[in-house]
Amino acid sequence: MEKYDVIIIGGGPAGVAASIYTARGLLKTLVIEKTAVGGQIVLSDVIENYPGFTKPLNPTDLLNDMQKQAENFGVKFEFDEVKEIIKKDDGFLIKTDWDEYEARGIIIAVGSSAKRTGVPGEEKFIGKGVAFCATCDAPFFKDKDIAIIGAGNSGIQEGLFALNFVRSIKYIEFLPKINAEKILQERIKEKDNVEFFLNTQLMEIVGDNKIEGIRIKNRESGEEKFIKVDGVFLFVGNAPNTNFLKGFIELDERGYIITDYTKKTSVEGVYAAGDSVKNEYSQVVIAAGSGVTAAMSLISYLENKK
Amino acid sequence: MGLLEDKDKQFLKEKFSKELDKKVKIVFFSNELNCQYCKEIKMLLDEVKELDDKIEVTEFNFHNSKDEAAKYGIEDSPAIAMLKEDGSDTGIRFYGIPSGYEFSTFIEDIIMISTGKHQLSDKAVEEIKKIEKPVDIKVFVTPTCPYCPKAVFLAHQLAFINKNITGKMYESMEYQELAQKYNVYGVPKSIVNDSVEFEGAVPEKVYVKHVLEAVK
Ligand SMILES: Cc1cc2nc3c(=O)[nH]c(=O)nc-3n(C[C@H](O)[C@H](O)[C@H](O)COP(=O)(O)OP(=O)(O)OC[C@H]3O[C@@H](n4cnc5c(N)ncnc54)[C@H](O)[C@@H]3O)c2cc1C
């Protein structure tokens, strides 16, 4: 079994940024990632608010460069899903789908994933008209009408991209107002094929073999309505990927990891960073910074332990 | 105007001159009747060919070259088949343009074929080499899908190490009817021998498991 000083779970911005610091601390570092390096941000077609870049960046390029930077300092990457962490006398045993690893310290940076709404019809149409990534799947709705559920930052950002393909967008937003960066709001409001239904709840995704439309309800008047759409994109917020950590470290009632300001969790030697941690704004620059805090805390913990 | 930017050309030129070993033969089946991106594919291949003389490109008209198409089992066009220096088939296919994120898969394929080096784990190689039945892997993508190259390159690597396997990328806009037939509305979607299908960029081990399931 391979032994590491530090194992980082999750290869999004938090995990990769952390790995650069632990590797530069000359700690033998492994990042375990279950899909591809990059995390959620690669689902977006651009990132414009990461400081230090004057042009909109391709998130995949940004994260690939972060990975290369980490590899230059000796970080290793494994592609597998972590299923369980077990505390041992002098460190931790990490079980993945296929392997086991040992580490003296751990940083959890598992981020979060798009939440589902649970309305009737949703489950049945996932991958068949219900989607979570407009950047990936909007081309399938060329010249068609789509609904975007959730008018937050990701919903608006992804809608702006989808407009390259689709004929129209109907936004369904639970809150009485649009909750996205002002600059994004201005850009989407300029479009004439975009319509907003605020203070409105999605009730059902309707159709037999393909989506015919959605049923929505105005939360103030209670009035229900059917709108014809061919596809539904969900951006209704996120839930942390922390199911496998239940019983191992302290989580809040929604599953977010509880840490102190040094990013230490309830278990000694285990730190956490990024979107999976309670009370973090979901932004790449914050996830990266949070990863670095966790890394520096873990470095000093391991040094003091020696 | 070309498709590749000058700085990317420069980068690739240096990369190829450092890394390429043997020649790589690219066979392109075009068709002028109903091909959305044939002009772009041809342009792209010409630009890539210019980057290193170890890269060779041959073009056939799909409708007039039935024998050549049959030789590589090409059922439709546009299609690209990738061959080794000695002309032997790698089973690596691109149905539709390898652009956007898939351009990086195309480059990785060229390097893999030229150097013989893949990135699969020993365990995966051992399992995959045992397969003796024909395996057809279709991976549906869109050029804007960031997770897709991972699935396509895995399928291509499996094809590369076992000649019973064909790994095909399908660009879903070019192959709209086929995408509809297989009910593709989300990418990447991989379909093995028309029997096992799965979505997403799964880790190598999970991918291999799905492929083995299809030949059981
Ligand atoms: C559509 C969209 C647009 C966005 N736009 C912006 C923007 O413009 N600017 C900005 O700053 N932010 C943006 N964000 C937010 C940003 O993506 C997140 O804040 C950031 O990615 C969080 O980083 P992270 O490393 O904490 O988590 P994540 O990016 O979620 O990465 C976590 C990683 O851990 C992996 N993982 C999970 N569980 C396991 C496990 N058990 N084993 C192994 N690996 C595991 C996951 O596969 C994932 O790759 C956007 C998000 C979305 C969805």
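In which loop of chain A is A:L26 found? The first legend below takes up this residue, after a short note on conventions.

**Conventions for every view.** This is a predicted model, in which local features need pLDDT of at least 70 and side-chain atom pairs count only at pLDDT 80 or more, whereas totals for chains, interfaces and linings use all residues. Residues are numbered from 1 along each chain as its sequence is written, chains are lettered from A and ligands numbered from 1 in the order in which they are written, and side-chain values use heavy atoms, with hydrogens and water left out.

**View 1. Two residues of chain A, A:L26 and A:K263, have a positive phi without being glycine.** A:L26 is found in the loop between helix 1 and strand 2 of chain A, where helices (H or I, at least four residues) and strands (E, at least two) are DSSP runs numbered from the N terminus. Its phi is near 55 degrees, and A:L26 counts as exposed because its relative accessible area is 77%; exposed stands for over 50% relative accessible area, buried for under 20%, and partly exposed for what lies in between, with a 1.4 Å probe and protein chains only. For A:K263 phi is near 75 degrees, and this residue is found in the loop between strand 16 (238-240) and strand 17 (270-272) of chain A. A:K263 has a relative accessible area of 13% and is therefore buried.

**View 2. The ligand lies between two domains of chain A, as both of them give residues to the shell around it.** These are domain 1 (2-113 + 238-305) and domain 2 (116-234), with bounds that come from an automatic or database domain assignment. Of the 34 residues around the ligand, A:E33, A:Q40, A:D275, A:Q283 and A:V284 come nearest; a residue is counted as near when one of its heavy atoms lies within 4 Å. By class, the shell holds twelve nonpolar, 16 polar and six charged residues, where Ala, Val, Leu, Ile, Met, Phe, Trp, Tyr, Cys and Pro count as nonpolar, Asp, Glu, Lys and Arg as charged, and the others, Gly among them, as polar.

**View 3. Backbone atoms of chain A, including one of A:V82, approach nitrogen and oxygen atoms of the ligand.** An oxygen atom of the ligand is 3.3 Å from a polar backbone atom of A:P13, and an oxygen atom of the ligand is also 3.3 Å from a polar backbone atom of A:I41. A nitrogen atom of the ligand lies 3.0 Å from a backbone N or O atom of A:V82. Of the 1,000 Å² of accessible area that the ligand has on its own, the protein covers 93%, with areas taken from the Shrake-Rupley method and a 1.4 Å probe. Helix 1 (13-24), strand 2 (29-33), helix 5 (153-162) and helix 7 (284-305) of chain A are the elements that give two or more residues to the shell, and the largest share, three residues, comes from helix 5.

**View 4. A:D145 makes side-chain polar contacts with A:R167 and A:S168.** A:D145 is found in strand 9 (residues 145-149) of chain A, and at 16% relative accessibility it counts as buried. Its side chain reaches the side chain of A:R167 at 2.9 Å and that of A:S168 at 2.8 Å. A polar contact is a pair of N or O atoms within 3.5 Å; within protein, one must be able to donate a hydrogen and the other to accept it, and residues adjacent in sequence count only if both atoms are side-chain atoms.

**View 5. Cysteine pairs in chains A and B form disulfides, three over all chains.** A disulfide is assigned to a pair of cysteine sulfur atoms within 2.5 Å. In chain A, the sulfur atoms of A:C133 and A:C136 are 2.3 Å apart, and this disulfide is right-handed because the torsion about its S-S bond is about 75 degrees. In chain B, a disulfide joins B:C35 to B:C38 with a distance of 2.1 Å from S to S, and both cysteines are buried. B:C145 and B:C148 form a disulfide with sulfur atoms 2.1 Å apart, and its torsion of about 90 degrees makes it right-handed.

**View 6. Two prolines of chain B, B:P78 and B:P188, follow cis peptide bonds.** The bond from B:S77 to B:P78 has omega near 5 degrees, and B:P78 is placed in the loop between helix 3 (66-71) and strand 3 (79-83) of chain B. For the bond from B:V187 to B:P188, omega is near -5 degrees.
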